[in-house]
Amino acid sequence: MRTAYSVSTVRAAEQALMERLPEGTLMQRAAAGLAAACADLLRRGGRVYGSRVVLLVGSGDNGGDALYAGARLARRGAGVVAVRVSPGRGHEAGTAALLAAGGRVMDAGEVSPHRDWGGHIDLVVDGITGIGGRGGLRPDAAGVVEHYAAHGVPVVAVDLPSGVEADTGEVRGAAVRADATVTFGAYKPGLLVDPAAERAGALHLVDIGLGAELPEVPDLEALQYADVAALLPVPAAESDKYRRGVVGIVAGSARYPGAAVLAVSGALRGGAGAVRYVGPGGDAVIARHPETLVHAGPPSKAGRVQAWVAGPGLGDGTDAVEAVSDVLATDVPVLVDADGLRLLDADVVRARTAPTVLTPHAGEAAALLGVPREEVEAGRLAAVRELASRFRATVLLKGSTTLIATDTPHTPVRVNPTGTSWLATAGSGDVLSGLTGSLLAAGLAPRDAASVGAHLHGLAARHASDGSPVAAQDVAEAIAAAWRDVRA
């Protein structure tokens, strides 16, 4: 499992470790890891000896890490120039180390074709601001970043791209866009959550010895294949379709019958033993999936289920309102998506004793919170936490970074690492709802069902797409391949 910790937690761990180590040890460990990662990138493009590296350095420890790493590269034969974004200000010991290794130092105002090889550069290292930075880059730093970005040279960020928020993943102004980020000791939330994560590129974690100093419970976590495989429901020898769980789907309408088909498609592949469909789309569902148990409704009369999914394509008519109210009155887990989210009574949701899972996209989350969509997209971590707290529910916030939060204190937010931009297609959310609801019915806890559902859904999209456009039904049909991939 990949975990991430807040800046304050990392700082406390660093301080505890530094008290037991000789002065400067942690910086040297970080610099050694950074230099090794940079050398690896340079070798891919040729070799370290004779390569040309520009360090963009601030005056703090982040700049010191870059300078010490630059000194190591210079000793291996690279040409290294450090550009101080604040004239005359830089990490003194790091600067001295670079100069002693044969590197050069100049201020941003001195940048010229002669001094930085006329732009013929192999690598740029971003050491401007560290994890303590707030807000976007200052204009002088932003100008330097823009100058070197124009060369199209690979950029490696030190700890995290300068200008992004380490704790929240927000980008509040100009920020570096890195091809890779070398981070130290632990991942920071901003490296895993968009929009900052999209600027981090490939992530490389350098172990500097913080492990024993970090708390057992992180702020964020991302399930990997082994974690998902351990959670997947597997029927026992004595299992029958009812023991495996039955999921009820309340979806579709005369206007949107396809939503019913897609939600059922996801549910049939999610581990439950049977799927009950309730709604006006029965004929369309049976035509595509004859194994489905169909009922005209209301949901409370359809038969026993272990979980309900309500909302995709329901519309907002009287029947839709009554259907959502009916499932929320039950004593089993309920997943609410799409149109169902607009029909929610927040007091009813908060008063439920059985679990509730909400699966909004950014626009739906904004409506539930009463804020502009842009606010949710800019601060996804804060939004998902607020929704979970406000509704006393498990919330899966869909998007380029899918996040899962609960209202249980001291429980890490989960970040889904799978997916593809081709997944932004009509109906894909309906498939996710059915899949996640089926996992709920199969016995997974709400947080696990949402996390595993998102993981399989994103992985199925990769399988179905393989770099090309994909339709929602393609994603549903690829869930089996994703499931096998995880188990293998």
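This is a guided tour of a predicted model, to be followed selection by selection in a viewer.

**The whole chain**

Begin with the whole protein chain shown as a ribbon, in which 18 helices and 18 strands can be picked out. If you align the view to the principal axes, the C-alpha trace covers about 80 × 45 × 45 Å. The radius of gyration of the protein chain is 26 Å, and because a compact globule with 488 residues would have a value near 23 Å, the two agree.

**The parallel sheet**

Select next the open sheet of seven strands, which follow one another in the order 4-3-2-5-6-7-8 with parallel pairing. At its edges stand strand 4 (104–107) and strand 8 (202–206), and since each has a single partner strand, one side of each is left without a neighbour in the sheet. From strand to neighbouring strand the turn is 20° on average, with direction ignored.

To look at one pairing in detail, restrict the selection to strand 7 (residues 180–184) and strand 8, which are joined in the parallel sense over five bridges. Here Val-182 can be found opposite His-204 in strand 8. Then extend the selection into the loop between strand 7 and strand 8, where Pro-195 lies; the peptide bond that leads from Asp-194 to Pro-195 is cis, with omega near 10°.

**Helices on and beside this sheet**

Add helix 3, which lies across strand 2 (52–57), strand 3 (79–84), strand 5 (123–127), strand 6 (155–158) and strand 7, and which runs at about 165° to strand 2. Helix 4 (residues 92–100) can be added as well, and it lies across strand 2, strand 3 and strand 4, with a direction at about 130° to strand 4.

Now keep helix 3 (residues 61–75) and bring in helix 2 (residues 25–44): the two pack with their axes 8 Å apart and at an angle of about 55°. Helix 2 and helix 3 are therefore oblique to each other, and the crossing of helix 2 past helix 3 is right-handed. With side chains displayed, the helix 2 part of the contact includes Met-27, Leu-34 and Cys-38, while the helix 3 part includes Asp-61, Tyr-68, Arg-72 and Leu-73. Sorted by character, the residues of this contact are twelve nonpolar, two polar and three charged.

**The mixed sheet**

Move on to the open sheet of eleven strands, whose order is 1-9-18-17-16-15-14-13-10-11-12 and whose pairing is mixed. Strand 1 (2–4) and strand 12 (293–295) are the edge strands, each pairing on one side only. The average twist from one strand to the next is 20°.

Within this sheet, select strand 10 (residues 246–250) and strand 13 (residues 307–310), which run parallel and are joined by four bridges. Val-250 is placed opposite Ala-310 in strand 13. Helix 7 (residues 257–268) packs on the sheet, where it touches strand 10 and strand 11 (274–278), and its direction makes about 165° with that of strand 11.

Two backbone details deserve a stop here. In the loop between strand 12 and strand 13 select Pro-298, whose peptide bond from Gly-297 is cis, with omega near 0°. Then go to the loop between strand 14 (334–336) and helix 10 (339–342), the place of Ala-338; this residue has a positive phi of about 50° although it is not a glycine.

**Helices 15, 16 and 18**

For the last stop, select helix 15 (residues 428–441) and helix 16 (residues 446–465), which pack at an angle of about 135° with their axes 8 Å apart. Helix 15 and helix 16 are therefore oblique to each other, and helix 15 passes helix 16 in a right-handed crossing. Among the residues that meet are Val-431, Leu-435 and Leu-439 of helix 15 and Ala-449, Gly-453 and Leu-456 of helix 16. This contact divides into eleven nonpolar, four polar and no charged residues.

Finally, replace helix 15 with helix 18 (residues 479–487), whose axis and that of helix 16 come within 8 Å and cross at roughly 110°. Helix 16 and helix 18 are therefore roughly perpendicular to each other, and this crossing too is right-handed. Leu-456 of helix 16 appears again in this contact, along with His-455 and Leu-459, and the helix 18 residues include Ile-479, Trp-483 and Asp-485. The residues of the contact between helix 16 and helix 18 comprise eight nonpolar, two polar and one charged.

How values were computed. Residues numbered from 1 in each chain as written. Predicted model: local features only at pLDDT ≥ 70, side-chain atom pairs only at ≥ 80, totals over all residues. Heavy atoms only, no water. Axes fitted to C-alpha atoms, helices over the stretch in contact; angles between N-to-C directions. Parallel < 35°, antiparallel > 145°, perpendicular 65-115°, else oblique. Left-handed = near helix turned anticlockwise from the far one by under 90°. Contact = heavy atoms within 4.5 Å. Nonpolar A, V, L, I, M, F, W, Y, C, P; charged D, E, K, R; others polar. Pairing = 2+ DSSP bridges. Rg over C-alpha atoms; globule rule 2.2 N^0.38 Å.
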